[in-house]
Amino acid sequence: MAGEAHNPNFLLTTLEKGVSWTRTRSMWPATFGLACCAIEMMATGAAHHDLARFGMEVFRASPRQADLMVVAGRLSQKMAPVLRQVYDQMAEPKWVISMGACASTGGMFNNYALVQGVDEIVPVDIYVPGCPPGPQSLMHGILTLQDKIMAGEIRRSTGLV
């Protein structure tokens, strides 16, 4: 009927925004806990902080079931190839959060045995500062990542959108 007005109860959006919304509400994190920051990451997933309200009920043990890697703690040169292998096995699109000063910059450990920033091995989308950062900081980093994905600031080539 050509003369009818637009129905205000009808929701319109683009496919890209719909896919971005779905991705942000169903991220499955892979744990890569390397040091003391891993304890704070585990606390974030516990009942008190409840990551389930953001669609992240379970930290995945298999990289093939995960699309978000949280690197928590210092990364040794010996562990760097393993981190890269896990990243390569993750599902597309994938994102990385560097949690803590050691993961982001090497922290106080400025020596040959440690990687001076995870971004030398994998691309990092969000840096969570602190030594160690608390669960609230990690949740803020996750929400910032979700906002950036929704705004289109972070895009990964998947062939879908």
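Helix α5 runs over residues 135–151, so to speak a rod of 17 residues, and it reaches 24 Å from its first C-alpha to its last, close to the 24 Å expected at 1.5 Å a residue. The expected span is 1.5 Å times one less than the number of residues in the helix. Helices (H or I, at least four residues) and strands (E, at least two) are DSSP runs, numbered from the N terminus. You're looking at a predicted model, where local features need pLDDT of at least 70, side-chain atom pairs count only at pLDDT 80 or more, and totals for chains, interfaces and linings use all residues. Residues are numbered from 1 along each chain as its sequence is written, and side-chain values use heavy atoms, with hydrogens and water left out.

**The two sides of α5**

- In α5, the buried residues (under 20% relative accessible area, with exposed meaning over 50% and partly exposed in between, for a 1.4 Å probe and protein chains only) are P135, L138, M139, G141, I142, L145, Q146 and I149.
- These buried residues are on the same side of α5 because they cover an arc of only 155° around the axis, the arc being that of the directions from the helix axis to the C-beta atoms.
- Turn to the other side of α5 and you'll find Q136, H140, D147 and A151 exposed.
- The buried residues of α5 pack against α1 (15–24), α2 (37–45), β2 (68–72), β3 (95–99) and β4 (126–128).
- Right after α5 comes G152, with a positive phi near 85°.

**Zooming in on Q146**

- Q146 sits in helix α5 and counts as buried, with a relative accessible area of 6%.
- Leaving out residues up to four places away in sequence, Q146 is in contact (heavy atoms within 4.5 Å) with T24, M27, F54 and M56.

**Helix α1**

- T24 turns up again here, since the buried residues of α1 are S20, R23 and T24.
- They share the same side of α1, because their arc around the axis is only 90°.
- Those buried residues of α1 pack against β3 and α5.

**V86 and H48**

- V86 belongs to helix α3 (residues 80–89) and is buried, at 18% relative accessible area.
- Setting aside neighbours within four places in sequence, V86 touches F32, P63 and M69.
- V86 and A66 are 20 residues apart along the chain, and their C-alpha atoms are separated by 9.9 Å.
- H48 lies in the loop between α2 and β2 and is exposed, with 70% relative accessibility.
- From H48 to P135 is 87 residues along the chain, yet their C-alpha atoms are separated by 9.8 Å.

**The cavity**

- A cavity is a set of points on a 1 Å grid over the protein atoms alone where a 1.4 Å probe fits but cannot get out, and its lining residues have an atom within 4 Å of a point.
- The count comes to one cavity of 30 Å³ or more.
- The largest cavity has a volume of about 50 Å³, where volume is the space filled by probe spheres set on the points, with grid points joined across faces, edges and corners.
- Its lining is made of A35, C36, C37, G73, R74, G100, A101, C102, G130, C131 and P132.
- By class, that lining has seven nonpolar, three polar and one charged residues.
- In this scheme Ala, Val, Leu, Ile, Met, Phe, Trp, Tyr, Cys and Pro are nonpolar, Asp, Glu, Lys and Arg are charged, and the others, Gly among them, are polar.

**The whole protein**

- Altogether there are five helices and four strands, in the order α-β-α-β-α-β-α-β-α along the sequence.
- Of the 161 residues, 40% count as buried.
- Among contacts with a separation of 6 or more, 77% come from residues 24 or more positions apart.

Technical notes:
On a 1 Å grid over the protein atoms alone, a cavity is a set of points where a 1.4 Å probe fits but cannot get out, and a pocket is an open set with protein on both sides within 12 Å along at least five of seven lines; lining residues have an atom within 4 Å of a point.
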